[in-house]
Amino acid sequence: MPATHPPLPCHRLKERALWAKGIIEALRGYGRNLVEQLPEDLLSYASPSDFSLGHISQTDMNRLWYCAVTLSGDECFGLRMGVNFSTPTMQLLNLAAHSSPTAGDAIQRVMRFIQVFSTQIQLYSVEDEHYLTAYFEPKGAAHPLQIEALVARCVASWRELGNDTLPLITEVRLNRENDTRLQCEDILGTRVRLGSKRVSIRMSRLALQSRLPDSDAFLLKRLDASLEDMLEDLPNVDFAEQVKQRIRVLLSEKDISEELVAQPFNVSPRHLRRKLSEACTTYEKLLDEVRMELAIKLIQENRLNLGRIAFELGFLDPSSFTRAFRRWTNMSPTAFREHSLRLQDPVSG
C-alpha cells in the first residue's frame, strides 16, 4: 500500500458510511485485487452489511479517497464515481425534486436537503440577471474528490430537470489545476472550467422557471416531511464546526480575535469559551485545527512560498510555522511539499 498524507483529524464530522461502501464498489471496477490492498479497517466497508445507519469519520473518508485514487490511478475517480453513485436516500431526494412545481423549486429543495445524502457539504446559491450559481462549500477538511463526486452526482440528477431546447446546466467550475478539462467534460456532459477558487454549478435562470411535467403537490408534501425527519436524525454539526468556519473567514481577512469570532453568535468571548468547553474543545484548539488544515491545503496547491503561507496563517515568523507544522504532521513544511509534489508527479519523482 503506498504511503498516504497524514490524515486530517476531523473526527467531529461524520459521513454516511454508504459513501465508503460506494467508493469501494467503484474501485472494484478498476480490478478485483485493488480492493484487497485497502487498509484492514477501511476494507470492512466492502462487506455486504447494511451501512445505512452507520457513519464514518471525515478523517477515514479522506484516507479512503486517497487510497482509491492512488490504487485506481485515475485522477478523475471522484467524478466517475459520483456520476454512477446513488442510494435510496438520493433517489428519494430526486423524487422530491421531480415532484416540485418548477426546476428552480427542485434545485432549492435539493440544496436544502442535500445533507441527508452527504454531510460533507453545504450548498448555497447566488443569482444574477442570467444565472443561478450553486456553490459547494466543504465542511471541515472534506477531501476534494468527495466534493467532485457530489458535484458529479448533482450534475447527473439536475440535468434531467432541463430539456434539449433549454438546458439547465451551463457550466461546472472545479478547483483542480491539471489539464483534464476535456476528460471532465466527457464525464459530466457539460462545459467545465478548471482552476476556479470555488467549486460550483452554474444554471440558466430562464431554464429554472420551467414547469416540471411530473410535479405532484400531494406527494411533495409527504416527501418534504420525510426529508425533514431524516435531517433531524442526522448527527448535528456541532457548535465547534460553526466556530471553525468563522475562524476560516477571519483568517482570510487577516483580522482574528475571540471577540470577532464570537460576534455572529451573539455571545461574549466568555460565553463562547463555555460553549466550546461543552463541546470538549477550546478556541485555541480550533484555531490550531484551522491553521493545520489550511497549511496542508496551501502547501499541496504549491502556489505560495512557505514564508507567505506562514504569513497568511497569522504566524509571526517562518520558524514558528515550521515548529507548528512538525507538531501537526511530524514533517517539516519543505519535506511535506516535496512529498506532495512527488505524489502529484510520480514520473519525475
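This report describes selected helices, strands and domains of one protein chain.

The structure is a predicted model, in which local features need pLDDT of at least 70, side-chain atom pairs count only at pLDDT 80 or more, and totals for chains, interfaces and linings use all residues. Residues are numbered from 1 along each chain as its sequence is written, and side-chain values use heavy atoms, with hydrogens and water left out.

**Domains**

The chain is divided into domain 1 (14-75), domain 2 (88-230) and domain 3 (237-344); these bounds come from an automatic or database domain assignment. Between the C-alpha centres of domain 2 and domain 3 the separation is 30 Å. Six residues of domain 2 are in contact with six residues of domain 3, where contact means heavy atoms within 4.5 Å. The area buried between these two domains is about 430 Å², and carbon and sulfur atoms give 40% of it. Buried area is the accessible area (1.4 Å probe) that two parts lose on being put together, summed over both. Across this interface the rule finds zero salt bridges, a salt bridge being a side-chain nitrogen of Lys or Arg within 4 Å of a carboxyl oxygen of Asp or Glu.

**Helices**

Helices (H or I, at least four residues) and strands (E, at least two) are DSSP runs, numbered from the N terminus. Helix 4 comprises residues 58-72, and its 15 residues should span 21 Å at 1.5 Å a residue; the end C-alpha atoms are 21 Å apart, which agrees. The expected span is 1.5 Å times one less than the number of residues.

Of the 15 residues of helix 4, 12 are buried, including Met61, Leu64 and Trp65. Buried means under 20% relative accessible area, exposed over 50%, and partly exposed in between (1.4 Å probe, protein chains only). Just after helix 4, glycine 73 takes a positive phi of about 70 degrees.

Arginine 326 is found in helix 17 (residues 318-329). This arginine is partly exposed, with a relative accessible area of 47%. Leaving aside neighbours within four places in sequence, arginine 326 is in contact with Met331 and Ser332.

**Strands**

Strand 4 pairs with two strands, as the table sets out. Two strands pair if DSSP finds at least two bridges between them.

| Strands | Direction | Bridges | One bridge pair |
|---|---|---|---|
| Strand 3 (residues 121-127) and strand 4 (residues 131-138) | antiparallel | seven bridges | valine 126 and threonine 133 |
| Strand 4 (residues 131-138) and strand 7 (residues 200-204) | antiparallel | five bridges | tyrosine 131 and serine 204 |

A hairpin of three residues joins strand 3 to strand 4.
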